[in-house]
Amino acid sequence: MVVSKEEILHIAKLADLNIQENEIDEYAKNLQDILNFVDVLNNVDTDNVEETMGVISNSNVFRKDEIKEFGNRDILLQNAPEQEEGMFKIPKVI
Amino acid sequence: MSREDYEIVIGLEVHSELSTKTKIFCSCPTEFGGEPNTHCCPVCMAMPGTLPVLNEKVVEYAIKAGLATNCEIASISKNDRKNYFYPDLPKAYQISQYDMPLCEHGYVEIEVGGEKKKIGLTRIHIEEDAGKLNHDDYGRGSLVDLNRAGVPLIEIVSEPDLRSSEEVDLYLKKLKSILEYIEVSDCKMQEGSLRADVNVSVRKKGQKEFGTRTEMKNMNSFKSIVRAIDYEAERQIEVLEDGGKIDQETLRWDDVSGKTFPMRDKEDAQDYRYFPDPDLVAIKISEEMKENIRKSLPEMPESRKERYINEYKLPEYDSNILISSKYFSDLFEGATKVCNNAKAVSNWIMTDITKELNEKELEPSDIPFTADELGNLVILIDKGTISSSIAKKVLDEMFKEPRDPQKIIEEKGWVQISDEGAIKEIVLKIIEANPQSVADFKAGKDKAVGFLVGQAMKETKGKANPQMLNKMFLEELNK
């Protein structure tokens with residue numbers, strides 16, 4: 001699989017990254033290296049290996065439906081660049 | 001070609017907030033409202049290093065919804081991340097389910113023009129709700145409240161089986177009623193706990209392939225959904241008739257102008273890059289767990305309807321209205337148990353209570369009084385303690401300030417006059433004051449009695465027993 005210029009731009013847009021025209025080739029090369037590396041894994045023989053869904057093999061880790069209030073809004077908001085009326089203030093979104 | 005040559009195809013994605021006490025991945029309360037950001041903690045605010053832990057009730061409720069809609073329940077399921085940037089989504093991804101939802105291949109049955117129709121359900125999956133953006137009127141910025149972020153939702157995805165806005169309305173009402181019956185969601189529309197994304201396309205009748213569809217997101221009123229579908233189908237047909245083509249796009253429905261408008265620019269085709277959430281583990285559902293949940297399902301509307309027709313001898317029409325909402329149905333059964341007069345209770349619900357709800361734009365779940373209180377009201381009428389016109393005033397009072405009807409009529413002095421002496425006194429007084437009506441009666445106009453009874457009711461502010469009045473007027477006039 002070859003990473004195209006369009007794909008780099010698309011991924012950059014999805015990731016909200018601002019990349020320059022002269023950086024595209026470098027990113028394409030880096031991503032290509034990663035894909036090639038992952039491709040090695042695709043060639044591993046997994047015929048006798050059971051399918052997994054993640055790196056953790058256990059299942060059904062649940063919580064009881066019981067309220068525990070955190071109860072400290074000031075701490076939650078303390079790193080907000082701006083706040084108003086107990087809310088995060090951000091640039092206007094429509 | 002005309003409108004009749006086209007068929008409308010609609011599919012719905014319904015989001016319903018689950019009525020668990022806590023959020024899906026943390027122990028914050030889900031209660032609606034509250035001061036901004038007070039139902040929050042580091043987990044639902046996406047602070048670095050925090051980890052989600054799944055609420056077991058969310059899994060149980062979603063399976064309940066699946067079983068009640070004839071779905072197959074997965075034996076193994078998982079959570080995935082859906083990635084996108086928006087300020088109401090603090091993690092920049094929503095934890096949802098992608099290729100292994102909890103429930104699949106179900107259906108909901110609706111009745112269209114007397115015929116039963118199955119609407120297929122593709123899937124039901126669990127996910128978290130986003131926060132709320134408040135827009136500052138002065139235009140200086142937006143304010144983020146994350147109380148709702150992490151509230152559990154189920155998304156119920158239908159097959160494109162719906163063919164008219166009427167079918168959509170029936171389907172939504174049925175779905176809402178099912179979710180209420182199994183008590184997994186309170187379905188309060190005005191609080192946004194039931195919302196739908198609506199996909200609409202049109203095609204020529206007889207054509208096999210679907211037309212290109214448009215999507216209207218986040219609609220929370222059945223009435224708007226019906227209007228939006230009718231408008232959008234009409235618009236698409238016009239475009240096609242003029243030789244144009246439909247763009248697959250997301251539209252915004254504007255209730256005021258009654259039109260749809262494009263929402264996002266089309267280049268931003270959605271690409272959510274789903275992948276399994278590595279912070280969460282697999283969900284395995286055993287046969288035993290499934291069976292236990294199945295056993296916990298309450299009696300469903302169809303079975304209640306049968307009972308109302310057979311046990312209480314109610315007409316099918318009445319039964320259908322009563323089962324349309326769990327709140328109506330529970331109110332009916334509770335009140336009937338108290339007063340033993342199913343027909344009377346049913347009539348109160350179908351007429352005066354429904355009227356009151358419509359006037360105040362309330363839903364059955366908002367009825368403030370108890371089934372016992374309604375039952376007691378019916379008893380007061382049946383015993384002749386109050387007339388039915390007074391009963392209406394008592395009902396009004398029960399809506400305003402719910403309390404026992406007996407107490408209301410005592411406080412207001414509304415007890416019906418059933419004392420013969422007192423009735424006779426009124427009758428004589430009215431006869432004396434209305435010589436013309438008496439003459440009319442003597443001349444053979446039987447209707448004059450009705451007028452006199454009416455005058456007597458007016459005189460007593462509706463408190464006199466109308467049957468006794470009628471009887472006594474006839475006695476006196478025929479003397």
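**Stop 1: chain B as a whole**

Select chain B and colour it by burial: 40% of its 479 residues are buried. Keep in mind as you go that this is a predicted model. Now switch to the cartoon view, where chain B shows 15 helices and 17 strands. Its radius of gyration is 29 Å, well over the 23 Å that the globule rule gives for 479 residues, so chain B is more spread out than a compact globule. Turn the chain along its principal axes, and its C-alpha atoms fill a box of roughly 90 × 60 × 55 Å. If you look at contacts in chain B between residues with a separation of 6 or more, 69% of them come from residues 24 or more positions apart.

**Stop 2: the nine-stranded sheet**

Stay in chain B and pick out its open sheet of nine strands. Its order is β3-β7-β8-β11-β1-β12-β13-β14-β15, and the pairing is mixed. Where does this sheet end? Go to β3 and to β15 (259-262) of chain B: these are the edge strands, and each pairs on one side only.

Start at the β3 end. Select residues 72-73 of chain B for strand β3 and residues 103-112 for strand β7; the two pair in the antiparallel sense over two bridges. To see one of the bridge partners, show Glu72(B) together with Glu104(B), which belongs to β7(B).

Next, add residues 115-128 of chain B, which are strand β8; this strand and β7(B) are antiparallel and share nine bridges. Two spots help you follow the pairing:

- Ile110(B) stands opposite Lys117(B) of β8(B).
- Val112(B) has Glu115(B), in β8(B), as its bridge partner.

What links the two strands β7(B) and β8(B)? They form a hairpin with two residues between them. Click on Gly113(B) in that turn: this residue has a positive phi of about 50°.

While you have strands on screen, try showing their side chains. In a regular strand, side chains alternate between the two faces of the sheet.

**Stop 3: a helix with two faces**

Now select residues 420-433 of chain B, which make up helix α12. This helix has 14 residues and reaches 20 Å from its first C-alpha to its last, close to the 20 Å expected at 1.5 Å a residue.

Which residues of α12(B) are buried? Show Ile423(B), Ile426(B), Val427(B) and Ile430(B). They cover an arc of only 100° around the axis, which puts them on the same side of α12(B). Rotate to the face turned away from this buried side, and you will find the exposed residues Gly421(B), Glu425(B), Leu428(B) and Glu432(B).

To find what covers the buried residues of α12(B), add α14 (448-459) and α15 (466-477) of chain B, which are among the elements doing so.

**Stop 4: chain A**

Hide chain B for a moment and select chain A. You should see three helices and three strands, and from the N terminus on they run α-α-β-α-β-β. The radius of gyration of chain A is 23 Å, well over the 12 Å from the globule rule for 94 residues, so this chain is more spread out than a compact globule. Its C-alpha trace spans about 55 × 45 × 20 Å along the principal axes. Colour chain A by burial too: buried residues make up 4% of its 94 residues.

**Stop 5: where the chains meet**

Bring chain B back. Here 32 residues of chain A are in contact with 37 residues of chain B. On the chain A side, β1 (62-63), α3 (73-77) and β3 (87-90) each supply at least two residues. Which element gives the most? That is β3(A), with four residues. Colour this side of chain A by class, and you get 15 nonpolar, five polar and 12 charged residues.

Zoom in on β3(A) and on residues 142-145 of chain B, which are strand β10: these strands pair in the antiparallel sense over three bridges. Show Phe88(A) with its bridge partner Val144(B), then Ile90(A) with its partner Ser142(B).

Finally, widen the selection to the open sheet of four strands, in the order β2(A)-β3(A)-β10(B)-β9(B), with antiparallel pairing. β2 (83-84) of chain A and β9 (132-135) of chain B stand at the edges with a single partner strand each, so one side of each is left without a neighbour in the sheet.

Terms used. Residues are numbered from 1 along each chain as its sequence is written. Chains are lettered from A and ligands numbered from 1 in the order in which they are written. This is a predicted model: local features need pLDDT of at least 70, side-chain atom pairs count only at pLDDT 80 or more; totals for chains, interfaces and linings use all residues. The radius of gyration is taken over C-alpha atoms; the globule rule is 2.2 Å times the number of residues to the power 0.38. A residue is buried if 20 or more other C-beta atoms lie within 10 Å of its own, exposed if 12 or fewer, and partly exposed in between; C-beta atoms are placed from the backbone. Two strands pair if DSSP finds at least two bridges between them. Two residues are in contact if their C-beta atoms, placed from the backbone, lie within 7 Å. Ala, Val, Leu, Ile, Met, Phe, Trp, Tyr, Cys and Pro count as nonpolar, Asp, Glu, Lys and Arg as charged, and the others, Gly among them, as polar. The expected span of a helix is 1.5 Å times one less than its number of residues. The arc is that of the directions from the helix axis to the C-beta atoms.
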